[in-house]
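Welcome! Take a moment to look over the sequence and the 3D view, and then we will walk through the inside and the outside together.

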Amino acid sequence: MEIPLTLSEESLNIIRSVMLESAQEAFSEIVRRQKYPRYMTIKDASSYAGVAVNTFRKDFINKGLRVIDPDRLKRIDKNDIDEFMENMKF
C-alpha cells in the first residue's frame with residue numbers, strides 16, 4: 001500500500017541533513033572501534049571506552065569487567081568492554 005506524501009524542499013533538506021549526520025556518526029564510530037585491537041592494555045581499553053584510566057579501573061574493572069592476566073600482562077578484551085557497557089545500560 002502506498003501512502004502519498006508531499007514534502008516541501010525545505011523539509012526534504014532537513015531530512016537529508018539528519019540522515020547524513022546519522023550516517024557520518026555511525027561511520028566515525030566504526031572507524032574508531034576498528035583502530036583498537038581485540039586485546040588491549042588498560043590504557044588503550046580506557047581510551048576505547050572513552051574514560052580516564054582511573055575511572056576505567058574503578059568503574060569497569062572493580063565492577064566486574066574481566067581482565068586477562070597472563071604473566072601480569074593485563075589485557076582487556078574489546079568484546080568484553082562492549083558487553084559490559086551494554087549490560088550497564090538503564
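Two residues are in contact when heavy atoms of theirs lie within 4.5 Å. Keep in mind that this is a predicted model.

**Inside the protein**

Let's begin with the nonpolar core. In soluble globular proteins, nonpolar side chains tend to be buried together. Here, the largest nonpolar core has 12 residues, among them Tyr36, Met40, Phe56, Leu65 and Phe84. Helices α2 (42-49), α3 (53-61) and α4 (78-87) each supply at least two residues of this core. The largest share, four residues, comes from α2.

Now zoom in on one core member, Leu65. Not counting residues up to four places away in sequence, Leu65 touches Phe56, Phe60, Ile76, Asp80, Ile81 and Phe84.

One of these partners, Asp80, deserves its own look. Asp80 is found in helix α4. Which residues does Asp80 contact, leaving aside its neighbours within four places in sequence? The partners are Leu65 and Arg66.

**On the surface**

Leu5, Leu7, Ile15 and Met19 make a nonpolar surface patch of about 410 Å². Of these, Met19 lies in helix α1 (residues 9-34).

**Buried or exposed?**

The table sets two residues side by side.

| Residue | Helix | Relative accessibility | Class |
|---|---|---|---|
| Asp80 | α4 | 11% | buried |
| Met19 | α1 | 56% | exposed |

Asp80 counts as buried because its 11% relative accessibility is under the 20% cut-off. Met19 counts as exposed because its 56% is over 50%.

Methods:
Residues are numbered from 1 along each chain as its sequence is written. This is a predicted model: local features need pLDDT of at least 70, side-chain atom pairs count only at pLDDT 80 or more; totals for chains, interfaces and linings use all residues. Side-chain values use heavy atoms; hydrogens and water are left out. A nonpolar core is a set of buried Ala, Val, Leu, Ile, Met, Phe, Trp, Tyr and Cys residues joined through side-chain atoms within 4.5 Å. Buried means under 20% relative accessible area, exposed over 50%, partly exposed in between (1.4 Å probe, protein chains only). Patches are made of residues with over 30% relative accessible area and no salt bridge: like charges are joined within 9 Å, nonpolar side chains (Val, Leu, Ile, Met, Phe, Trp, Tyr) within 5 Å. Accessible areas come from the Shrake-Rupley method with a 1.4 Å probe; for residues, only the protein chains shown count as cover. A salt bridge is a side-chain nitrogen of Lys or Arg within 4 Å of a carboxyl oxygen of Asp or Glu.
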